[in-house]
Amino acid sequence: MSAVQRITSRNARFQQWEALLGNRRKRGSLRAFLVQGVRPISLAVEHGWPIDALLHDDRRKLSDWARELLRTVRAERFALAPELLADLGGKTEGAPELIAVVGMPADGLDRIEVGPDFLGVLFDRPTSPGNIGSVIRSADAFGAHGMIVTGHAADLYDPKSVRATTGSLFSLPAVRVPAPDEVMTWVERQRAAGLPLVLVGTDEKGDADVYDFDLTQPVLLLVGNETSGLSSAWRERCDAMVGIPMTGAASSLNAATAATAVLYEASRQRTAAVRRGR
């Protein structure tokens, strides 16, 4: 166990952590981001993410969970004045019990495990970090194997995105890829290896209703930008476009909501197929 270092002022180390909250470039250069909450931190540890530092309140009696984490996780340990910890946690009602400084993994597509039942999600140019986090959470809940964020997009490791995943970020591989060509090289490599991977785009005017399309096959589900939908570059690469039938006055769904609906349908079809095969 490393010795506890005490921080009672906004020194250089504190300012570095503070920058991780709102400065995307700093998160990228340091390859680190902040995480709080029992479930997210526990999942980060469980799935082997590098914990660079653990920050806790220097005046608070810690829970058994926090004490065990500080005892067993190999990381620098810092005791902060409660007002400093509260600033890092973004809470007006008080400081969180513990904050972890977590290292970022590489953005390699090889992090995503591919098999005959593959289900993946590609989110094209999302502008809302909260939507990124929500889609990761839904993808994890409905059995997807990975998520790809493409193009000029909000940051996967923005605090709002990390918080919206409620810990699923650490159990579902999520990678950032700048342009379609790199993804398509990966797709073609899977196809050449014998996996008939199908690219399925989502659109309110899809060629087929989502429940009429076979989502039990290996699928990469493409979800478009919240404002303009899928880019033309991705539309041209889709093997099929599916839509979600709707009633009422709504003309479209929020991107994260639409992704969740299609992921649920994929999970439903796959569960039904397994039951039929028993």
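This note describes the two domains of a predicted model, the sheet in each, and the contacts between them.

1. Overall division. The protein is split into domain 1, covering residues 5-103, and domain 2, covering residues 109-277. Their C-alpha centres are 31 Å apart.

2. The five-stranded sheet. An open sheet of 5 strands follows the order E1-E4-E3-E5-E2, and its pairing is mixed. Strand E1 (4-7) and strand E2 (32-36) stand at the edges with a single partner strand each, so one side of each has no neighbour in the sheet. On average, and with direction ignored, neighbouring strands of this sheet are turned by 25° against each other.

3. Pairing of E3 and E4. Strand E3 (residues 51-57) and strand E4 (residues 76-80) run parallel and are joined by 5 bridges. Within this pairing, Leu 55 stands opposite Phe 78 in E4.

4. A helix across the five-stranded sheet. Helix H5 (residues 82-89) lies across E1, E2, E3 and E4, as well as strand E5 (98-103). The direction of H5 runs at about 125° to E3.

5. The seven-stranded sheet. A further open sheet, of 7 strands, has the order E8-E7-E6-E11-E9-E12-E10 with parallel pairing. Its edge strands are E8 and strand E10 (208-209), each of which pairs on one side only. At the E8 end of the order, E7 and E8 run parallel and are joined by 4 bridges. Ile 148 stands opposite Val 175 in E8.

6. Helices on the seven-stranded sheet. Helix H6 (residues 129-141) packs on the sheet and touches strand E6 (119-124), E7 and E8. The direction of H6 makes about 170° with that of E6. Helix H8 (residues 180-192) also packs on the sheet, touching E6, E7, E8, strand E9 (198-202) and strand E11 (219-223). For H8, the angle with the direction of E9 is about 135°.

7. Extent of the domain interface. In domain 1, 14 residues are in contact with 14 residues of domain 2. The two domains bury about 1,200 Å² between them, with 58% of it on carbon and sulfur atoms. On the domain 1 side, Arg 24, Phe 33 and Trp 49 lose the most area to domain 2, and together they account for 42% of what that side buries.

8. Polar links across the interface. Between domain 1 and domain 2 there are 2 salt bridges. The count of residue pairs in polar contact between the domains is 5, with both residues at pLDDT 80 or more. The elements giving two or more residues to the side of domain 1 that touches domain 2 are helix H2 (24-30), E2 and helix H3 (38-46). Of these, H3 gives the most, with 4 residues.

9. Asp 155 and its salt bridges. The structure holds 16 salt bridges. In one of them, Asp 155 pairs with Arg 176, the closest N and O atoms being 3.1 Å apart. This pair links distant parts of the chain, 21 residues apart: Asp 155 is in the loop between strand E7 (146-150) and helix H7 (159-164), while Arg 176 is in strand E8 (residues 174-177). Asp 155 also forms a salt bridge with Arg 27, where the closest N and O atoms are 2.8 Å apart. Arg 27 falls within domain 1 and Asp 155 within domain 2.

Definitions and conventions
Residues numbered from 1 in each chain as written. Predicted model: local features only at pLDDT ≥ 70, side-chain atom pairs only at ≥ 80, totals over all residues. Heavy atoms only, no water. Pairing = 2+ DSSP bridges. Axes fitted to C-alpha atoms, helices over the stretch in contact; angles between N-to-C directions. Contact = heavy atoms within 4.5 Å. Domains from an automatic or database assignment. Buried area = accessible area lost by both parts, 1.4 Å probe. Salt bridge = Lys/Arg side-chain N within 4 Å of Asp/Glu carboxyl O. Polar contact = N/O pair within 3.5 Å; in protein donor to acceptor, adjacent residues only side chain to side chain.
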